[in-house]
Amino acid sequence: MAPGAPSSSPSPVLAVLLFSSLVLSPAQAIVVYTDREVHGAVGSRVTLHCSFWSSEWVSDDISFTWRYQPEGGRDAISIFHYAKGQPYIDEVGTFKERIQWVGDPRWKDGSIVIHNLDYSDNGTFTCDVKNPPDIVGKTSQVTLYVFEKVPTRYGVVLGAVIGGVLGVVLLLLLLFYVVRYCWLRRQAALQRRLSAMEKGKLHKPGKDASKRGRQTPVLYAMLDHSRSTKAVSEKKAKGLGESRKDKK
């Protein structure tokens, strides 16, 4: 290479930066979620839910793919595909006229509905999501069980019993607080009435005292009159005694 010519190989600093970006900032894989299993009755419909988490914004190129593997079968076939904003039902298998798209990519939802269930629908359904540039990740599977009549699971019954017990407890607590509130209101009303009566009794002696105050001058006048009358009678008696002595 001639002196002064630009080097075609990257500098050591640039190489270190590229290596660090690849090792320290790995792309986060997309995560897909479905139910573990769903139950449906013959002739009814069932919803197969599928959602996802991605480190990227929802892309215009997002895609959902559903595959079906029959119970006891080895091969899975594609039954539904969503891409470029349009749903596509694969023209193979027994689902081509029974699948309905109910998902919404804006809400990270890729769910589908299967109508008119049959025993032959038993199997495993796989949901796969690609959200470019986030396209690396694992799929998620849900198993469908079709019955003549959907059995009531133990967990549902237990949940209903627990819910009923909790409802009764809450009702009893509500009744207790209502009764207690009414009793407290009644006690407060009685306390106010007693307080009012006590205040009334305290005011009555004051009125009696004022009456006695008004009657006091009259009593004093009557007492003075009796004293003066007694003095006059004593003087008369004394005068009569002296006059008798003089006569003797």
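This text walks through the fold, one sheet, the disulfide, the aromatic contacts and a surface patch. The model is a predicted one.

Start with the overall layout. The protein has 2 helices and 12 strands. Read from the N terminus, a helix comes at the start, the strands follow, and a helix closes the run. Of the 248 residues, 20% count as buried.

Now turn to an open sheet. Three strands build it, in the order β4-β1-β11. Its pairing is mixed. The edges are β4, residues 50-53, and β11, residues 137-138. Each of these edge strands pairs on one side only. Strands of a sheet pair through backbone hydrogen bonds, and the sense can be parallel or antiparallel.

Both senses can be followed from β1. Strand β1 covers residues 30-34. Toward β11, the two strands run parallel and are joined by 2 bridges. I30 has G137 as its bridge partner in β11. V31 has K138 as its bridge partner there. Toward β4, the sense is antiparallel, and the pairing extends over 4 bridges. On that side, Y33 stands opposite S51 of β4.

The faces of β1 are worth a look as well. Which residues of β1 form its covered face, and which its uncovered one? I30, V32 and T34 make up the covered face. V31 and Y33 make up the uncovered face.

Next, the disulfide. The structure holds 1 disulfide. C50 and C127 form this link, with their sulfur atoms 2.0 Å apart. The two cysteines come from distant parts of the chain, 77 residues apart. C50 sits in strand β4, and C127 sits in strand β10, residues 123-130. The angle about the S-S bond is -75°, and the link is left-handed.

Are the two linked cysteines buried or exposed? Buried means under 20% relative accessible area. C50 has a relative accessibility of 2%, so C50 counts as buried. C127 has 0%, so C127 counts as buried too. C182 is another cysteine to check. Its relative accessible area is 46%, so C182 is partly exposed.

The aromatic side chains come next. A pair of aromatic rings is described by the distance of the centres and the angle of the planes. The count comes to 9 aromatic pairs. One of them joins Y68 and F95. Their ring centres are 4.8 Å apart, their planes stand at 75°, and the pair is edge-to-face. Why does this pair tie together separate parts of the sequence? Y68 lies in strand β5, residues 63-70. F95 lies in the loop between β7 (86-89) and β8 (99-101). The pair therefore ties together parts that are 27 residues apart in sequence.

Both rings of this pair belong to buried residues. Y68 has a relative accessibility of 5% and so counts as buried. F95 has 1% and so counts as buried. The pair of F176 and Y177 is also edge-to-face, because the planes stand at 70°, with the ring centres 5.4 Å apart. Elsewhere, F52, F64, F80, Y82 and W101 form one aromatic cluster.

Y68 has a further contact to follow in the backbone. The C-alpha atoms of Y68 and I79 are separated by 6.6 Å. Along the chain, Y68 and I79 are 11 residues apart.

Finally, look at the surface. Which residues form a nonpolar patch there? V161, V165, V169, L170, L173, F176 and Y177 do. Together they have about 690 Å² of accessible area. F176 and Y177, the edge-to-face pair described above, are thus members of this patch. L170 belongs to the patch as well. L170 is found in helix α2, residues 154-247. With a relative accessible area of 58%, L170 is exposed, because exposed means over 50%.

To trace this on the model, begin at β1 and step to its partners β4 and β11. From β4, follow C50 across the disulfide to C127 in β10. Then go to Y68 in β5 and its ring partner F95. End on helix α2 at L170.

Conventions
Residues are numbered from 1 along each chain as its sequence is written. This is a predicted model: local features need pLDDT of at least 70, side-chain atom pairs count only at pLDDT 80 or more; totals for chains, interfaces and linings use all residues. Side-chain values use heavy atoms; hydrogens and water are left out. Two strands pair if DSSP finds at least two bridges between them. A disulfide is a pair of cysteine sulfur atoms within 2.5 Å. Buried means under 20% relative accessible area, exposed over 50%, partly exposed in between (1.4 Å probe, protein chains only). Patches are made of residues with over 30% relative accessible area and no salt bridge: like charges are joined within 9 Å, nonpolar side chains (Val, Leu, Ile, Met, Phe, Trp, Tyr) within 5 Å. Accessible areas come from the Shrake-Rupley method with a 1.4 Å probe; for residues, only the protein chains shown count as cover. A salt bridge is a side-chain nitrogen of Lys or Arg within 4 Å of a carboxyl oxygen of Asp or Glu. Rings of Phe, Tyr and Trp (its six-membered ring) pair if their centres lie within 6.5 Å; planes under 30 degrees apart count as stacked, over 60 as edge-to-face and the rest as tilted.
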